[in-house]
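Welcome! Here is a short guided look at one protein model, written for someone meeting it for the first time. Take a moment with the sequence and the picture before reading on.

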Amino acid sequence: MSNHLPNEARVIPLRPHGGARPAGAPPRQVPPAPAAKEPLWRDLVGDVLRRERLAQERTLKDVAEEARISMPYLSEVERGRKEASSEVLAAAAHALGLDLGDLLTRAHGELTRVTSRYAGAGRRGASTSSHDGMCLAA
């Protein structure tokens, strides 16, 4: 007969105290690093629009009026807070002297640049390191 109460839980250690592994035990698998968050398309397009507007030294009001978009809405698009329709994006691009293809090509280039920073940095698969500790690199 057990001396434990029926609803009492027992703690059974999974490894010896001190965290040591038994001799011959395989190295512990390190879980994959969390995937870096990929940027949203609306953020990339907004960045391109804002960068081009500022490069032309134009105001938000000027571009919004020429594109026939409200100034607050264009501001929201530039900050990546609104998913603009293709018509709105084309109007904003045209007001900046770009066509929609130019805008999308630049946004694609920005996506490639941003995602290449963390490509291969633990995005797929588990680490093959045999170290149990944490490694920080600057």
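Two residues are in contact when heavy atoms of theirs lie within 4.5 Å. With that in mind, look at helix α4: what covers its buried residues includes α1, α2, α3 and α5. The buried residues in question are L89, A90, A92, A93 and A95. After α4 comes G97, which has a positive phi near 80°.

**The whole model**

Please keep in mind that this is a predicted model. The protein has 5 helices and 0 strands, and along the sequence these give the pattern α-α-α-α-α. Of its 138 residues, 23% count as buried. The accessible surface comes to about 10,400 Å², and carbon and sulfur atoms own 56% of that area. Among contacts with a separation of 6 or more, 65% are between residues 24 or more positions apart.

How confident is the prediction? The average pLDDT of the protein is 79, and 60% of the residues score at least 70. The mean is lowest in α5, at 92, and highest in α3, at 98. Over residues 122-138, by contrast, pLDDT stays under 50. For that stretch the model has 13 contacts beyond four places in sequence.

**Helix α1**

Let us turn to α1, which runs over residues 41-55 and so has 15 residues by the DSSP runs used here. From its first C-alpha to its last, α1 reaches 21 Å, close to the 21 Å expected at 1.5 Å a residue. Which residues of α1 are buried? They are L44, V45, G46, V48, L49, E52 and R53. It helps to recall that an α-helix has 3.6 residues a turn, so residues three or four places apart point the same way. The cover over the buried residues of α1 includes α2 (60-67), α3 (71-78), α4 (86-95) and α5 (100-116). Just after α1, E57 takes a positive phi of about 55°.

Not every residue of this helix is buried. D47 has its place in helix α1, and D47 counts as partly exposed because its relative accessibility is 36%, in between the 20% and 50% cut-offs. D47 and G80 are 33 residues apart in sequence, with their C-alpha atoms 7.7 Å apart in space.

**The nonpolar core**

The largest nonpolar core holds 20 residues, and V45, L49, L74, L89 and L103 touch the most other members. The elements giving two or more residues to this core are α1, α2, α3, α4 and α5. What does L89 touch, leaving aside its neighbours within four places in sequence? Its contacts are V45, L49, V77, A84, L100 and L103.

**Salt bridges**

Side chains of opposite charge can pair when their charged atoms come close. How many salt bridges does the model have? The count comes to 9, and the table shows three of them.

| Pair | Closest N to O distance |
|---|---|
| R53 and E78 | 2.7 Å |
| R58 and E66 | 2.7 Å |
| E76 and R79 | 2.5 Å |

Start with the salt bridge between R53 and E78. This pair links distant parts of the chain, with R53 in helix α1 and E78 in helix α3, 25 residues apart. Are these two residues buried or exposed? Both R53 and E78 are buried.

Next comes the salt bridge of R58 and E66. R58 counts as buried because its relative accessibility, 16%, is under the 20% cut-off. E66, at 49% relative accessibility, counts as partly exposed.

In the third pair, E76 forms a salt bridge with R79. E76 is partly exposed at 22% relative accessibility, and R79 is partly exposed too, with a relative accessible area of 37%. Elsewhere, salt bridges that share partners join R50, R53 and E78 into one network.

**Looking back**

To explore the model for yourself, a good place to begin is L89: this residue of α4 is buried, and it belongs to the largest nonpolar core. From there, follow its contacts to V45 and L49, among others, both of which are buried residues of α1. R53, another buried residue of α1, then leads you to E78 through their salt bridge.

How values were computed: Residues numbered from 1 in each chain as written. Heavy atoms only, no water. Helix = DSSP H or I, 4+ residues; strand = E, 2+ residues; numbered from the N terminus. Expected span 1.5 Å × (residues − 1). Buried < 20%, exposed > 50% of the residue type's maximum accessible area, 1.4 Å probe, protein only. Salt bridge = Lys/Arg side-chain N within 4 Å of Asp/Glu carboxyl O. Areas by Shrake-Rupley, 256 points an atom, 1.4 Å probe, with all protein chains shown as cover. pLDDT = per-residue confidence, 0-100. Core = buried A, V, L, I, M, F, W, Y, C linked by side-chain atoms within 4.5 Å.
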